[in-house]
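Trainee: Please take a close look at a single part of this model, the place where the two chains meet. I would like one connected account.

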2 protein chains.
Amino acid sequence: MAKDKKLVEQITSMEVDFAQWYTDVVTKAGLIDYTSVKGCMVLKPAGYAIWELIQNQLDARFKETGVENVYLPMFIPESLLQKEKDHVEGFAPEVAWVTHGGLNPLQERMCVRPTSETLFCDFYAKDIQSYRDLPKVYNQWCSVVRWEKETRPFLRSREFLWQEGHTAHATAEDAEARTIQMLNVYADFCEQVLAMPVIKGRKTDKEKFAGAEATYTIEALMHDGKALQSGTSHNFGDGFAKAFGIQYTDKENKLQYVHQTSWGMTTRLIGAVIMVHGDDSGLVLPPRVAPTQVMIVPIMQKKEGVLEKAAELKCMLKAYRVKVDDSDKNPGFKFAEQEMRGIPLRVEVGPKDIEAGQAVVVRRDTREKYVVAFEDLNTKVGEILEQMQQDMFNRALAHREENTHTATNWDEFTDILEKKQGFIKGMWCGDQECEVAIKDKTGATTRCMPFEQENLGEVCVHCGKPAKKMVYFGKAY
Amino acid sequence: MAKDKKLVEQITSMEVDFAQWYTDVVTKAGLIDYTSVKGCMVLKPAGYAIWELIQNQLDARFKETGVENVYLPMFIPESLLQKEKDHVEGFAPEVAWVTHGGLNPLQERMCVRPTSETLFCDFYAKDIQSYRDLPKVYNQWCSVVRWEKETRPFLRSREFLWQEGHTAHATAEDAEARTIQMLNVYADFCEQVLAMPVIKGRKTDKEKFAGAEATYTIEALMHDGKALQSGTSHNFGDGFAKAFGIQYTDKENKLQYVHQTSWGMTTRLIGAVIMVHGDDSGLVLPPRVAPTQVMIVPIMQKKEGVLEKAAELKCMLKAYRVKVDDSDKNPGFKFAEQEMRGIPLRVEVGPKDIEAGQAVVVRRDTREKYVVAFEDLNTKVGEILEQMQQDMFNRALAHREENTHTATNWDEFTDILEKKQGFIKGMWCGDQECEVAIKDKTGATTRCMPFEQENLGEVCVHCGKPAKKMVYFGKAY
């Protein structure tokens, strides 16, 4: 194996340099390539196929809750972006501006959408008249642009793919219920499909979305102990409705403002999968988002009957996403290449296996080997994939638990930051000044006020004043 | 029925004003809405759901031929757009230019992609080294922007959704084979899924794509006798490869240029479906692209057991895309509304039907009624949907045949244009001057030189010189 591994490009060890390891994996596993457009990337087939699996499974979950898909323009006229004060302040500094159409300057410049609240509001103001038109539970899959200075593949790029849900409701209660419902859909999706445990909670006012009344978040812990915000769900109350005049006639024939929400997840999730599950051999994909779940590798494939048997096994395993690697590379090279690409299972079959009526199955995550009779292969592959999905979640959960610490005072807090990595749970006075001071002193930010509050003491971990909330702190991507 | 129909908004008759009928249908069937962004539309749930069905079925057909999906940036730096001379001349006058990122002017302005040949070339120049890397058969689903002056929903808008395939091959033969293969995929999709017959052929040099060696097209005939270009497939030869330096090392270790293709279909197809199949009651959707295939309408729904039976039938029909309209509107209103929306079948069920153990099934296209026993409903609905899909294709084909005329000289040509509508088949000398003159005099353009050539005479229908090709002429969208 050691010799074969050299045949595929080496990657930096994650313990030596996690950032370089990440960059090596995204490029050498064939997920992305850099482009002539600064800060924008190509999603190559192996990367885009993961996004397709995320999209299909997430979209199905959305539709089960009554979401309908729509598509709105990618441009926002400047005057529209400016209608909601907090929102424009949050986004104007980081948008791309279109000033010319064809050979002529535009009368009013437009930005490429950084997010589509303003467009949805403009649309809803026309589309909603009566209580009969409510709720509106719309979503769109598209790309958005934010003119970031520092970019990293998947984690922060000038253009990225996402979904953005935008809903309008008759009452504040309905809007709050939808906000939480979608956060739960996100959390469940991350845990069930991406095998990635998340903390559900509310963002502090400082960290909330521009224009939102409340922002809820799911936070995941990466292998290097940094946090990644993995999805957010916002309750806007009637702030946007008032700015855009979105009113409906209620059953008593009175005009009322709607209450709105929005929620989004992005290709950033692919970055999360890489950083939660990857290892020094490359990517490790949870079976449910693996574009290829099983790679069959024929051994001594020139011998009579080997390629035929490989094709037969592929047919037998058609319930899974399965391929045969019948390229002219040697098996060791193929093994290393498939490990780099994170393919969950490889099935080896050569002349001796055929004689014995069996194949060797190897798991990507644990490298466990199973010798399986051909007649049991279909069942066994299904079982191992299920087990692997579950084990990957459990390992990620154990890693998070090992890397979640409690601080009851400032000494403990700084001590943990110095000697350990991961989340720090601590009590907080609720004061924004305190929050800012913690960030300035340590670089750690409030990740969320978790729904599952614990009482870790009576005073704020920083200032010692009476505590209001238990908070997860962490350094974040 | 007449009285009930007034309950839903009236639409203009297609015979009175086809353009107004079209506009009425797209808005009143809830497919689109206009926006504050001039020339751009909102695809509402009923419109976007048709696109999703097109996308899913087309994408599956692509993947069967080995296509892999990717995603490239939406921006093209000006210097990149300018690399291929014909291409930039074709597109530069109609692109939107981004000049500022955040608060700062860009060093080099970028356009929003009108199409992505240049980006794919830039990517392939890096990604392709050896013959082992070929072919590349990539596709992306995205939106593109073209700064059109006159816009119409689906048919011509400043931003539209599409797919664009871009491939690179070792030889000219491979590129030509892929170009034709994808045209055949398009034609088959239009006929099988959209129930829309198409003529396959090659565009004249005048009408071909900017930068292409050959453009192939599928042309469909709308209800009003105008042609609609419904999909195109381009063979670029090695023109782009030379402009962008896309070379590979062949088996003899020599550097060779790749040969490229591109092919695209757009949301314009939804406009085609409307204009081929619609009638004076609104949209008529072929079952395979109908987001709702069956609408169950409970009659006297307040009577005990009616809504329960409707729900039971919905369950029974779960193999189809089925809904129950249990709103508080009266049945006549519901019927008219569902006709407007083009839902293929409605199933009526009331107290008397329940007593008789049957439901009434009504086809949207012919309004044929079927009384069907509950136990046969599932089978029968499947049969009727199949029959309807087939009948819709046959009617569209008959309409095209009735509206395809032959002209052997200029008098016949102008006489047809004056008195009839539809395609005109005629011989052509192959001269671009002649082609331009025909367009200038009549407004009719060469739609294509069909693969199925017929010999309609020896001389050009316009100039009388020796003919080279049989051509379909028509007025077009």
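Mentor: Contact here means heavy atoms within 4.5 Å. By that rule, 51 residues from chain A and 51 residues from chain B make up the contact. This is a predicted model, in which local features need pLDDT of at least 70 and side-chain atom pairs count only at pLDDT 80 or more, while totals for chains, interfaces and linings use all residues. Residues are numbered from 1 along each chain as its sequence is written, chains are lettered from A and ligands numbered from 1 in the order in which they are written, and side-chain values use heavy atoms, with hydrogens and water left out.

Start with how the copies are arranged. Superposition is by least squares on the C-alpha atoms of residues with pLDDT of at least 70 in both copies. A turn of 180° with a shift of 0.0 Å along the axis lays chain A on chain B at an RMSD of 0.0 Å. The two copies are therefore related as by a two-fold rotation axis. Within chain A, Val98(A) has the C-alpha nearest that axis, 2.1 Å away. Both copies use the same surface, since 100% of the contact residues of chain A recur in chain B.

Next, the area. Buried area is the accessible area (1.4 Å probe) that two parts lose on being put together, summed over both. Between chain A and chain B it comes to about 4300 Å², with carbon and sulfur atoms giving 61%. On the side of chain A, the residues that lose the most area to chain B are Pro45(A), Tyr71(A) and Trp147(A), together 14% of what that side buries.

Trp147(A) also appears among the contacts of Phe75(B). Neighbours within four places in sequence aside, Phe75(B) is in contact with Val37(A), Ala96(A), Val112(A), Val145(A) and Trp147(A) from chain A, and with Val98(B), Met110(B), Cys111(B), Val112(B) and Leu119(B) from chain B. A nonpolar core is a set of buried Ala, Val, Leu, Ile, Met, Phe, Trp, Tyr and Cys residues joined through side-chain atoms within 4.5 Å; buried means under 20% relative accessible area, exposed over 50%, and partly exposed in between (1.4 Å probe, protein chains only). The largest such core has 206 residues, and Phe75(A) and Phe75(B) touch the most other members.

Now the polar side. A salt bridge is a side-chain nitrogen of Lys or Arg within 4 Å of a carboxyl oxygen of Asp or Glu. The rule finds 6 salt bridges across the interface of chain A and chain B, and the structure holds 55 over all chains. Lys63(A) and Glu52(B) meet in a salt bridge through their side chains, at 3.0 Å from N to O. A polar contact is a pair of N or O atoms within 3.5 Å; within protein, one must be able to donate a hydrogen and the other to accept it, and residues adjacent in sequence count only if both atoms are side-chain atoms. Across the interface, 27 residue pairs are in polar contact, both residues at pLDDT 80 or more. Strand β5 (residues 96-101) of chain A supplies the largest share of the side of chain A that touches chain B, 6 residues. Strands (E, at least two residues) and helices (H or I, at least four) are DSSP runs, numbered from the N terminus.
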